[in-house]
Amino acid sequence: MAADRIRRMTFASVYPLYVTKVERKGRTEAEVRQVITWLTGYDDAGLDRTAADGTDLETFFDEAPAMNPNASLITGVICGHRVEEIEDPLMRRIRWMDKLVDELARGKKMTSILRGSTA
């Protein structure tokens, strides 16, 4: 049931939470956008559009322009679950995004967060 609730959440409802989380730790909204862009392939206009349209997380990931092939390198624990062990592909993608934002808030270097990439 919790998974269904998470699937229906809108990108617009979680995005400001991500920004608030990282800004409290001295990081920026631009960095949040950079990690989400790296993961999903959305550009700034695409992120703004999905937020304005009220796109739910399931649609957000289904319509992602290009999921990063290195996303499978995202490992670790988020919300008490190992992301690499999550079987549901959508929930894994959502947790990947959570994990990237969490790493950003914890102060990791951007090259480490982006799994060696600079963009």
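The largest pocket is lined by 13 residues, and those nearest its centre are Met 9, Val 14, Tyr 18, Arg 95 and Asp 98. Here a pocket is an open set of points on a 1 Å grid over the protein atoms alone, where a 1.4 Å probe fits, with protein on both sides within 12 Å along at least five of seven lines; lining residues have an atom within 4 Å of a point. The elements giving two or more residues to this lining are α2 and α6, helices being DSSP runs (H or I, at least four residues) numbered from the N terminus.

This is a predicted model, where local features need pLDDT of at least 70, side-chain atom pairs count only at pLDDT 80 or more, and totals for chains, interfaces and linings use all residues. Residues are numbered from 1 along each chain, and side-chain values use heavy atoms, without hydrogens or water.

Now for the core. The largest nonpolar core (buried Ala, Val, Leu, Ile, Met, Phe, Trp, Tyr and Cys residues joined through side-chain atoms within 4.5 Å) has 35 residues. Five helices each supply at least two of its residues:

| Helix | Residues |
|---|---|
| α2 | 11-24 |
| α3 | 29-40 |
| α5 | 57-62 |
| α6 | 89-105 |
| α7 | 110-113 |

α6 gives the most, nine residues.

Then there's α3. Its buried residues (under 20% relative accessible area, 1.4 Å probe, protein chains only) include Trp 38 and Leu 39. Leaving aside neighbours within four places in sequence, Leu 39 is in contact (heavy atoms within 4.5 Å) with Phe 61, Trp 96 and Met 97, among others. Just after α3, Gly 41 takes a positive phi of about 90 degrees.

Terms used. Buried < 20%, exposed > 50% of the residue type's maximum accessible area, 1.4 Å probe, protein only.
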